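Dear colleague,

I am passing on the structure we talked about, together with notes on what turned up in it. Please have it open beside you as you read.

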Amino acid sequence: MTAHRPDAGTAAASPARIDGTAVRVLVVDDEPRLTEVLCGVLVREGFDARPATDRASAVRAARQFRPDAVLLDVMLPDGDGISVLRDLRAELPLVRVLFLTARDTADDRIAGLRSGRDDYVAKPLSLEEVSTRLHGLLRTSGTDRRDANRGRLTVGDLILDEDAHAVARDGQAIDLSPTEYELLLLLMRHPRRVLSKSVILESVWSRDYGRHAQVVELYISYLRKKVDVGRAPMIHTVRGCGYVLKPAVA
């Protein structure tokens, strides 16, 4: 079993569909212990998660369960993930798919993109990264509605309007660069959750950008100067772990 457990107390806000029911996630991997761990983590985060360990059971579960998203292993005992993805998309054209793969070459990434997968996480898995990327996929698809105001994220007195691409704190507009906006968007999608530098780097910057954690530190400092300057801080450093955004303490 190749997943790394996240730290305690980092669960994201419970996701929900427009009708108020839990977002459905199908977890497909030929390692039963891994599917058990992934499903357990997702259930604790508020998802309705179900496992499948091969192509046949995945396609059958997709028809019965009608998932909103699928975590899909590239290599299965009775077929490869790309062929499974084609079957899933034929049944559920709008389902979001996150590949779980030990392959991380350019050719593999291109093949995955052409097959229609939405994103991927390389093995050995970080459960934190899986959760972060899954939440990101659901936000972009419009499936995860944790705010009654569509496209609006609110943490304390900080508001981010995705439709207007605007940010304000305590009623005062904040002008952000495109990268600063994407970084704040990531933090606001996971309030009170500690995000590591590696997860932030891979979520905000291109995977090909490099493993330069200094760029994360630099843009966190830029963001603090605009969001926190003259106010009670909302962006905090958790030494040795990463960064977290949470409502300011008066």
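R192 sits in the loop between α6 and α7, and its phi is positive, at about 65°, although R192 is not a glycine. Please bear in mind throughout that this is a predicted model. Most residues other than glycine have a negative phi, which is the reason for pointing this one out. With a relative accessibility of 53%, above the 50% cut-off, R192 counts as exposed.

The two helices on either side of that loop pack against each other at an angle of about 125°, their axes lying 10 Å apart. Because of that angle, α6 counts as oblique to α7, and the crossing in which α6 passes α7 is right-handed. On the α6 side the residues that meet α7 are T179, E182, L183 and L186, and their counterparts in α7 are I200, S203 and V204. Sorted by class, this contact of α6 with α7 comprises four nonpolar residues, two polar ones and one charged one.

Which elements supply the largest nonpolar core? That core has 28 residues, and those with the most contacts inside it are L158, L184, I200 and L245. At least two residues each come from the strands β10 (152–155), β11 (158–161) and β15 (242–245), and likewise from the helices α6 (178–189), α7 (197–204) and α8 (213–227). Of these, α6 gives the most, with seven residues. If you would like one residue from which to explore this core, L158 touches, leaving aside residues up to four places away in sequence, L153, V167, A168, R169, I174, L184, M188, V227, M234 and L245. There is also a second, separate core, which has 22 residues and includes V27, V37, L42 and L137.

Two further points concern the backbone. R66, in the loop between α2 (55–65) and β4 (69–73), also has a positive phi, of about 55°, although R66 is not a glycine. At 34% relative accessibility R66 counts as partly exposed, since this value falls between the cut-offs of 20% and 50%. The other point is the peptide bond from K123 to P124, which is cis, with omega near 0°; P124 is placed in the loop between β8 (119–122) and β9 (125–126). For comparison, most peptide bonds are trans.

Is G81 buried or exposed? Its relative accessibility is 0%, and G81 therefore counts as buried. This glycine lies in helix α3, which covers residues 81–91, and G81 touches L72, D73, V74 and F99, again not counting residues up to four places away in sequence. The C-alpha atoms of G81 and T101 are separated by 9.3 Å, while the two residues are 20 residues apart along the chain.

As for the chain as a whole, the protein has eight helices and 15 strands, and buried residues make up 48% of its 250 residues. Among the contacts in the chain with a separation of 6 or more, 62% are between residues 24 or more positions apart.

With best wishes

Definitions and conventions: Residues numbered from 1 in each chain as written. Predicted model: local features only at pLDDT ≥ 70, side-chain atom pairs only at ≥ 80, totals over all residues. Heavy atoms only, no water. Core = buried A, V, L, I, M, F, W, Y, C linked by side-chain atoms within 4.5 Å. Buried < 20%, exposed > 50% of the residue type's maximum accessible area, 1.4 Å probe, protein only. Helix = DSSP H or I, 4+ residues; strand = E, 2+ residues; numbered from the N terminus. Contact = heavy atoms within 4.5 Å. Axes fitted to C-alpha atoms, helices over the stretch in contact; angles between N-to-C directions. Parallel < 35°, antiparallel > 145°, perpendicular 65-115°, else oblique. Left-handed = near helix turned anticlockwise from the far one by under 90°. Nonpolar A, V, L, I, M, F, W, Y, C, P; charged D, E, K, R; others polar.
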